[in-house]
Amino acid sequence: MISGSAMVAGLAANIQNPANAQIEQDLAASNGQISWTLAAFIIIQGNFPLIWSAISEIKGRKLVYVVSAALFIVGSTVVATAKTIEIVIGMRALQAAGSSAAMSISAATLADMFDPHERGTKMGIFYAAPLLGPALGPLIGGGLAQAFNWRADFYFLVILGVIIFAAFLFLFKDTFRRERSLTYQTVLQRRLREQKLGQQKHASDTTVTACTTEKHDETLDNGSQTSPIKERDIEADEETSLPVPVLPEVKLSLKDVNPLPPLLRILRRKNNLAALCSSALVFGFCYSIVYTCARTLASSYNYNALQTGLVLLAFGLGNMVGSILGGRWSDRELARLKAKNGGKWTPEMRLESTKLAMLWLPPSVIGYAWVCEKHVHIAAVCVMLFLSGLFTIWIYTSILAYMVDANMGRSSTAVAANSSFRGTVAFVAAEVAIPLQDAIGDGGLYTLWGGLLIVMELLILLVLYKGGKWRQQAEEREKATAEGK
């Protein structure tokens, strides 16, 4: 269910591309307005998960899945019936907000369900379906637009949205456990402190004896409820030492769901920042290549929308294979290094698995650059697309699993931060891709991307060799700050 919902998120971003000409003609829209229907979707889908993740850490995953699916259905329905381009732009943004929860919350759901030693494999299997979305979007969108019209693309999304909504409403069992969430525990401790202060004030006002007050305070202080939370992988424990006290349901407040404080804690860690930047570059490349390849196939190979979608499917298949193989290789390397280290492991060990893909990614991207530039046989383009897709997602899967492992108890916030970074870079990449393609061609553009991906690989190596030290320093600093308060 979660993989399917995440696939729809990728599908929705690209499904309209083959039908842009029809939309422009039917709604009397300009090229700039058509561009905004895509740009608004990308930037909202990238950053809105910060809100969803904050809510999910207190109210659970199921509520977020159900509400976000409902928003997606509403947005898709209004787009399908829209009479003006302005409504399309606004409702595409609502669509993006609804679909954005799937990518961040679903990764957190996997962290709820699976221990670190198997997360790489599960992440790989999970991402196999959503990574097909960007490639299947043009294929399905082009077919439906040719058979009917552009509105059929969005009616198709409405049908998918209803299926997902019903599945989460009736079949999904919430995986969220309050005792495994640092966000929930932080809110709970604050409420306990407020309750304690209120009870002390009441005891003072009613002249309760000091003995009674002292005994009551000891009762509150016993156990881990009001002691500083020791940061560890509470998401991986079979049993946690942070039991939930018997208290009324913690009510959500605007302060509690403010995504900025947990986001800042993620960004203050240098290892997180380097990993997020590397992830963003990978994702920006993926958006750029799908966007520009469709244009190249139409202009240089005279392919229609359906033929273009079939070629782009090679990139999606590479993504799927890379996701599954990369995830399994990630777990294998983690297990090998853990055994070599006497049963002890660190999140950084997982990144060792990216070295194999690092050797082949830049040559594959530069190879794609020049087979497109020279307009060689389409078979060579398909091969380079497949290899580029395979090695980019091989690396990306390990980065995402690392972000979950390295941010204990804050997995949904970490993944939401990753979504924000990658969405912002993808937005920029999509906006500059066409001007750069016109100016320096596919050869120059993707040679440039090859260089950027080498920078991405250097950032991963930096995290691999320095990230453990940075992470420990950050944990000690955060612990000292908490104790000081």
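**Aromatic pairs, helix packing and loop residues**

Thr 77 lies in helix H5, which runs over residues 61-80; helices here are DSSP runs of H or I with at least four residues, strands are runs of E with at least two, and both are numbered from the N terminus. The structure is a predicted model, in which local features need pLDDT of at least 70 and side-chain atom pairs count only at pLDDT 80 or more, whereas totals for chains, interfaces and linings use all residues. Residues are numbered from 1 along each chain as its sequence is written, and side-chain values use heavy atoms, with hydrogens and water left out.

With a relative accessibility of 32%, Thr 77 counts as partly exposed, a class between buried (under 20% relative accessible area) and exposed (over 50%), for a 1.4 Å probe and protein chains only. Although Thr 77 and Phe 154 are 77 residues apart along the chain, their C-alpha atoms are separated by 7.0 Å. Phe 154 itself is buried, with a relative accessible area of 1%.

Phe 154 also leads to the aromatic pairs of the model. Rings of Phe, Tyr and Trp (its six-membered ring) were taken to pair if their centres lie within 6.5 Å, and the planes count as stacked under 30 degrees apart, as edge-to-face over 60 and as tilted otherwise. This rule gives a count of 10 aromatic pairs. One of them joins Trp 150 to Phe 154 in an edge-to-face arrangement, with 6.0 Å from centre to centre and 80° between the planes. Both residues belong to helix H9 (residues 150-170), where they are four residues apart, about one turn of the helix. An α-helix has 3.6 residues a turn, so residues three or four places apart point the same way. Trp 150, at 2% relative accessibility, counts as buried.

Another pair is formed by Phe 283 and Tyr 396, whose ring centres are 6.2 Å apart and whose planes stand at 35°, so that the pair is tilted. This pair links distant parts of the chain, since Phe 283 is in helix H13 (residues 270-300) and Tyr 396 in helix H16 (residues 378-406), 113 residues apart. Tyr 396 is buried, its relative accessible area being 1%. The ring of Phe 283 has a further partner, for the charged end of Arg 422 sits over it at 4.3 Å from its centre; the criterion is that NZ of Lys or CZ of Arg is within 6 Å of the ring centre and within 35 degrees of the ring normal. Elsewhere, ring pairs link Phe 285, Tyr 368, Tyr 446 and Trp 449 into a cluster.

The two helices that hold the tilted pair were then examined along their lengths. The expected span of a helix is 1.5 Å times one less than its number of residues. For the 31 residues of H13 the expected span is 45 Å, and the end C-alpha atoms are 44 Å apart, which agrees. Because 22 of these 31 residues are buried, H13 is largely enclosed by the rest of the structure. Asn 302, with a positive phi near 55°, follows H13. For H16, the 29 residues should span 42 Å, in agreement with the 42 Å between the end C-alpha atoms. H16 is mostly covered, with 23 of its 29 residues buried.

H16 also packs against helix H14 (residues 305-340), at an angle of about 35° and with the axes 6 Å apart; axes are lines fitted to C-alpha atoms over the stretch in contact, and angles run from 0 to 180 degrees between N-to-C directions. By class, the contact of H14 with H16 has 14 nonpolar, 12 polar and no charged residues, where Ala, Val, Leu, Ile, Met, Phe, Trp, Tyr, Cys and Pro count as nonpolar, Asp, Glu, Lys and Arg as charged, and the others, Gly among them, as polar.

Positive phi values also occur in loops. In the loop between helix H15 (355-373) and H16, His 375 has a positive phi near 55° although it is a residue other than glycine. His 375 counts as partly exposed, at 46% relative accessibility. Ala 28, likewise not a glycine, has a positive phi of about 50° and is found in the loop between H2 and helix H3 (31-47). At 68% relative accessibility, Ala 28 counts as exposed. Ala 21, in helix H2 (residues 20-26), counts as exposed at 55%. Between Ala 21 and Ile 34, 13 residues apart in sequence, the C-alpha to C-alpha distance is 9.0 Å.

Towards the start of the numbering, Ser 3 is placed in helix H1 (residues 2-14) and counts as buried at 17% relative accessibility. Ser 3 and Ala 107 are 104 residues apart in sequence, yet 9.3 Å apart in space, C-alpha to C-alpha.
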